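Let's take a look at the empty space inside a protein, and then at one residue. Here is the structure to keep beside you.

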Protein chains: 2
Amino acid sequence: MSEHRGEFDLIRRYFADGYPQCENIRLGNGDDASVIALPADMDLAQSIDTQVADVHFPAKAPAHLIAGRALRCAVSDLAAMGAWPQGFHLALTLPNADEEWLADFAHGLRQTAHELGIGLLGGDTTSGPTTVITIAVQGLLPQNERLIRSGAEAGDDIWLTGNLGAATLALDTVINEPARQTEFTQAYYHPQVHIAFGQLLLTVASACLDISDGLLQDATHIAKQSNVTMHIEAAWIPTVVPMSHCNWCRCLTGGDDYQLLFTAPPEYRSRIEAFATTVGLDQCLRIGSVKGGAAKVELCHNGEPLELATSGYQHF
Amino acid sequence: MSEHRGEFDLIRRYFADGYPQCENIRLGNGDDASVIALPADMDLAQSIDTQVADVHFPAKAPAHLIAGRALRCAVSDLAAMGAWPQGFHLALTLPNADEEWLADFAHGLRQTAHELGIGLLGGDTTSGPTTVITIAVQGLLPQNERLIRSGAEAGDDIWLTGNLGAATLALDTVINEPARQTEFTQAYYHPQVHIAFGQLLLTVASACLDISDGLLQDATHIAKQSNVTMHIEAAWIPTVVPMSHCNWCRCLTGGDDYQLLFTAPPEYRSRIEAFATTVGLDQCLRIGSVKGGAAKVELCHNGEPLELATSGYQHF
């Protein structure tokens, strides 16, 4: 292979420039490692997220949409911690170095990085039989402050930042017609990342996470890690189809929505609604309450428990 | 799939415990993100490294060897910066959740993490057609100190921390008999990581990197980024086969050795040799000198340039 099409040129051409700058960077892309400083009064939150072609996204989908979605899904973990995005490292495995695909991918990545205010710190590009995108994201937190999964207490309200179901109900379209854009595919490819709202929640929320594997399954994480019962009122959950619709269950168990699920003491209700208005959330609704007792999720309707056949996405 | 074999149990069982602790961790594995603090006088060096089955390692190799090698290769980038390993995030893509394989992989990962003194901060486990291991490593550096590729100056010596060729010459064995252990496969699966030596080099080296894609190709990075000629004496390069051997070229162009290649002013020769003795390096040899002029690598023997057919590993 001629040198000008080699790995180093490839990386330099598509991933070197045009990303947001970050004043904490001492050394960016292009050496053995990147180097950052941290302001003395801040902590660093970090998460790693992998998306595999034809598992997490259709291999044939437009590359800029794949890139944008992968970065949004990764940064969503920072929002769920109340952290401010600072930078990311990209590990990209590709079956071949298709320049057109790479140019489109880099375009989508840059655009999304600017939308989310996150700089590209470094990366690794490798060859492999399947496209695999791993993004390691990091963000700043005020020292000793963070949103965790283990702080929910009996008496807290359970809140949700927005509608569930659009992304999961987009899957049929996304898989069969990857380039088609509908209201639902918009939710799939451009999940909202509640960065500003997450930061505001630092002052009021007792527990928080972003819903990647379905409401009911992810609510179980808070239940188990906080050792509480998450009592959720089925009729209060905002979904893109009504409760009577045959796809309603999928809205509660399907992944990919990346809404924030959080708990907070009732005395903060007005403040939370004011925060939601401040950052322009379409809605932020109470969907239940935290109770003492077994570490589980309790989905109820008209005072009776509702049992669903599955709780969420299983990776294996 | 029954719940007890689901993703969360899998992760918890194999990746939750038994890794080195790190006092800078505020929140470890098991939430949306990990959180660390940094000592006020330290910077953070970070690198991401991907290994794909049957591209970077044989899929049938023992899982504990694969894990150990992947972590060593990633941490080598920290050594090349002069950084002290602090923690890593693991993104693991697997064709299936084979418990025996996972137990062996986790065993090798834990053991290597203890050898290198690096804690597991978090991860993501996904399903995919091929095993892909991405490791994001990070380490501490004294504020504003680091080994970079761009600092070599005319007159500097060029140094190498050890023999080249064993890992690349092990490939035939590694591919055909993955479980067989020889002196060369030892170099392939357990590359030395020069952590302590890298830190000592912070006080003397003008440029440094770890050789992952072959001496000649990686030397080009220093040449280009420092805008100098890297003049290397072929006969001075320590290799596992002599210059007359048919495999000698492969020692200079094959990857996977992870020795440190660095430059330093001649006045530091005695100090560098003392450092090497201090940390117990088998050898640390001068292999050439930095010259002004074109940004290139100049391999010479008896005053004449030597031309090789290839300079190193091309990822595509």
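By class, the largest cavity is lined by four nonpolar, eight polar and no charged residues. Here, Ala, Val, Leu, Ile, Met, Phe, Trp, Tyr, Cys and Pro count as nonpolar, Asp, Glu, Lys and Arg as charged, and the others, Gly among them, as polar. This is a predicted model, where local features need pLDDT of at least 70, side-chain atom pairs count only at pLDDT 80 or more, and totals for chains, interfaces and linings use all residues. Residues are numbered from 1 along each chain as its sequence is written, chains are lettered from A in the order in which they are written, and side-chain values use heavy atoms, with hydrogens and water left out.

**The largest cavity**
- A cavity is a set of points on a 1 Å grid over the protein atoms alone where a 1.4 Å probe fits but cannot get out, and its lining residues have an atom within 4 Å of a point.
- The volume of the largest cavity, meaning the space filled by probe spheres set on the points, is about 90 Å³.
- Its lining includes A:His89 and B:His89.
- Two or more lining residues come from each of β3 (42-52) and β6 (132-142) in chain A, and β3 (42-52) and β6 (132-142) in chain B; strands are DSSP runs (E, at least two residues), and helices are too (H or I, at least four), numbered from the N terminus.

**A:Thr161**
- You'll find A:Thr161 in the loop between β7 (157-160) and α4 (166-169) of chain A.
- A:Thr161 counts as buried (under 20% relative accessible area, 1.4 Å probe, protein chains only) because its relative accessibility is 2%.
- Its side chain makes polar contacts (N or O atoms within 3.5 Å, one able to donate a hydrogen and the other to accept it) with the side chains of A:His194 at 3.3 Å and A:Gln259 at 2.6 Å.

Methods. 1 Å grid on protein atoms, 1.4 Å probe; cavity = no way out; pocket = protein on both sides within 12 Å on 5 of 7 lines; lining within 4 Å. Buried < 20%, exposed > 50% of the residue type's maximum accessible area, 1.4 Å probe, protein only.
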